[in-house]
Amino acid sequence: MELWEAITDHKEPISSAERGLEALGVVFAALESATIGEPVNVQDIINGKMHAYEDSVIEEMKSFK
């Protein structure tokens, strides 16, 4: 609905790609932190500096081939 109103009524959307990226970064930072057992900076996830959790998911996916 928000997207429709932004298009048809020229309203500014409540959310943005940047806000979506930040929200997803928070989730991945939590998963990364749980994987490595240390606090993780969200910006390090967004910049690709920290990726142990993502690497583990990719490895697991390879086993399904």
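This passage looks at how two helices meet and at the salt bridges in a predicted model.

Start with the helix pair. Helix H2 covers residues 17-36 and helix H4 covers residues 52-62, and their axes come within 7 Å of each other. The crossing angle is roughly 85°, so H2 ends up roughly perpendicular to H4. On the H2 side, the residues involved are Phe28, Leu31, Glu32, Thr35 and Ile36. Their partners in H4 are Ala52, Tyr53 and Glu54. Sorted by character, the residues of this contact come out as five nonpolar, one polar and two charged.

Now for the salt bridges, of which the model has two. One of them joins the side chains of Glu5 and Lys11, with an N to O distance of 3.7 Å. Glu5 has a relative accessibility of 26%, and because partly exposed covers the range between under 20% and over 50%, Glu5 counts as partly exposed. Lys11 also falls into the partly exposed class, at 45% relative accessibility.

The other pairing takes us back to H4, where the side chains of Lys62 and Glu59 form a salt bridge at 3.2 Å, again N to O. These two residues sit three positions apart in helix H4, so about one helical turn separates them. As for exposure, Lys62 is partly exposed, its relative accessible area being 47%. Glu59, with 48% relative accessibility, is partly exposed too.

Note on methods: Residues are numbered from 1 along each chain as its sequence is written. This is a predicted model: local features need pLDDT of at least 70, side-chain atom pairs count only at pLDDT 80 or more; totals for chains, interfaces and linings use all residues. Side-chain values use heavy atoms; hydrogens and water are left out. Axes are lines fitted to C-alpha atoms, for helices over the stretch in contact, and angles run from 0 to 180 degrees between N-to-C directions. Helices (H or I, at least four residues) and strands (E, at least two) are DSSP runs, numbered from the N terminus. Angles under 35 degrees count as roughly parallel, over 145 as roughly antiparallel, 65 to 115 as roughly perpendicular and the rest as oblique. Contact means heavy atoms within 4.5 Å. Ala, Val, Leu, Ile, Met, Phe, Trp, Tyr, Cys and Pro count as nonpolar, Asp, Glu, Lys and Arg as charged, and the others, Gly among them, as polar. A salt bridge is a side-chain nitrogen of Lys or Arg within 4 Å of a carboxyl oxygen of Asp or Glu. Buried means under 20% relative accessible area, exposed over 50%, partly exposed in between (1.4 Å probe, protein chains only).
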